Amino acid sequence: MTSWETLADNLTAVRAVIAAAERRWQRDPGSVALLAVSKTKPLEAIMAAMAAGQTRFGESYIQESVEKIARLAVPSVEWHFIGPIQSNKTRPIAEHFQWVHSIDRIKVAQRLSDQRPANLPPLNICLQVNSSGEASKSGVPPEQLRELADAVATLPRLALRGLMTIPAPAQSLEDQRQPFRLVRGLRDDLARSGHPLDTLSMGMSDDLEAAIAEGSTMVRIGTAIFGARATVKP
Ligand SMILES: *Cc1c(COP(=O)(O)O)cnc(C)c1O
């Protein structure tokens with residue numbers, strides 16, 4: 001069985017990297033939140049992270065995540081759904097999560113709004129933008145973002161908070177920064193057209209520095225906290 005003893009050290013190291021990047025890129029201290037991506041990882045790993053003070057967790061697979069949330073029902077913990085969503089599988093997401101980062105079509109947003117339980121606050125939404133063109137299939141194309149934002153903003157049980165992106169892998173810092181810069185620009189455009197957004201969900205284990213340089217307010221970190229994921233689930 002894996003021991004999660006090093007997990008607190010990993011978290012401390014990731015927090016230090018974020019704090020250093022905030023300083024290096026003249027970002028306000030504490031302006032970049034850490035979402036711990038716990039998909040495929042067991043309850044013990046999440047509990048170890050909670051014990052080390054982590055309060056935001058990201059999950060990508062519905063059944064797995066609903067089971068985990070049920071077992072770890074703690075009011076202080078915030079659950080973010082970050083994976084692809086089939087439109088016939090929205091209900092458990094509407095019922096169990098506080099945030100969804102992966103909205104790229106109105107049909108899914110409409111269903112989440114319809115299914116959001118009345119006793120819960122509105123579901124926080126980030127629109128996923130395809131920032132790498134042909135190289136990525138998921139995410140709304142930049143030229144269709146405005147229309148999607150207009151539509152999502154009218155849905156009563158959703159709160160439009162920001163943009164999310166998963167760029168194609170790139171090696172150099174400058175190459176990594178480009179798609180993030182594009183998304184930051186789209187955020188600024190939306191602000192000018194009546195959608196002030198406070199969240200840029202950008203940056204993973206291998207590109208968080210570039211994302212923070214370009215204004216990320218939430219980095220989604222899995223591997224650097226929990227170690228490599230053994231298998232890719234379908
Ligand atoms: C898995 C995943 C992550 C975490 O990636 P790491 O490289 O392990 O940090 C971040 N965002 C999304 C959308 C993911 O699916």
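Glu174, Arg177, Arg181, Arg184 and Glu214 are joined in a network of salt bridges, a salt bridge being a side-chain nitrogen of Lys or Arg within 4 Å of a carboxyl oxygen of Asp or Glu. This is a predicted model, in which local features need pLDDT of at least 70 and side-chain atom pairs count only at pLDDT 80 or more, while totals for chains, interfaces and linings use all residues. Residues are numbered from 1 along each chain as its sequence is written, and side-chain values use heavy atoms, with hydrogens and water left out. Within the network, the side chains of glutamate 174 and arginine 181 meet at 3.2 Å, N to O. Glutamate 174 is partly exposed, with a relative accessible area of 38%, and arginine 181 is likewise partly exposed, at 33%. The accessibility classes are set as follows: buried means under 20% relative accessible area, exposed means over 50%, and partly exposed lies in between, for a 1.4 Å probe and protein chains only.

The next element to consider is helix H7, which covers residues 173–192. Helices (H or I, at least four residues) and strands (E, at least two) are DSSP runs, numbered from the N terminus. H7 has 20 residues and reaches 29 Å from its first C-alpha to its last, close to the 28 Å expected at 1.5 Å a residue; the expected span is 1.5 Å times one less than the number of residues. The helix nevertheless contains a kink of about 25 degrees, centred on proline 179, where the bend at a residue is the angle between axes fitted to the seven residues ending there and the seven starting there. The buried residues of H7 are Gln176, Arg177, Pro179, Phe180, Val183, Leu186, Arg187 and Leu190. Their cover includes helix H6 (142–153), strand E6 (158–164), strand E7 (199–201) and helix H8 (208–213). After H7 comes glycine 194, whose phi is positive, near 95 degrees.

Strand E7 contains leucine 200, which is buried, with a relative accessible area of 0%. Leaving aside neighbours within four places in sequence, leucine 200 is in contact (heavy atoms within 4.5 Å) with Leu163, Val183, Arg184, Arg187, Glu214, Gly215, Ser216, Thr217 and Met218. Leucine 200 and leucine 163 are 37 residues apart in sequence, yet their C-alpha atoms are 5.2 Å apart in space. By contrast, valine 183 and arginine 91 are 92 residues apart in sequence and 29 Å apart in space, C-alpha to C-alpha. Arginine 91 belongs to helix H4 (residues 91–96) and counts as partly exposed, at 46% relative accessibility.

Another arginine, residue 116, lies in the loop between helix H5 (106–115) and strand E5 (123–128). Arginine 116 is buried yet has no salt bridge, and the nearest side chain of opposite charge, glutamate 95, is 9.1 Å away. For charge, Lys and Arg count as positive and Asp and Glu as negative, whereas His and the chain ends are not counted. The side chain of arginine 116 does reach the backbone oxygen of proline 121, at 2.8 Å. Not counting residues up to four places away in sequence, arginine 116 touches Ala94, Phe97, Gln98, Pro121, Pro122, Leu123 and Arg157.

A search of the whole structure finds 13 salt bridges. One of them joins glutamate 78 to arginine 56, the closest N and O atoms being 3.4 Å apart. This pair links distant parts of the chain, since glutamate 78 is in strand E3 (residues 78–81) and arginine 56 is in strand E2 (residues 56–59), 22 residues apart. Glutamate 78 is partly exposed, with a relative accessible area of 26%, and arginine 56 is also partly exposed, at 27%. Aspartate 104 forms a salt bridge with arginine 105, with the closest N and O atoms 3.6 Å apart. Here too the partners are partly exposed: aspartate 104 has a relative accessible area of 24%, and arginine 105 stands at 35%.

Backbone geometry supplies a final topic. Glutamine 26 has a positive phi of about 55 degrees although it is not a glycine. Glutamine 26 is placed in the loop between helix H1 (7–24) and strand E1 (33–37) and is exposed, with a relative accessible area of 69%. Threonine 40, also not a glycine, has a positive phi of about 70 degrees. Threonine 40 sits in the loop between E1 and helix H2 (43–51) and is partly exposed, at 26% relative accessible area.

Conventions: Polar contact = N/O pair within 3.5 Å; in protein donor to acceptor, adjacent residues only side chain to side chain.
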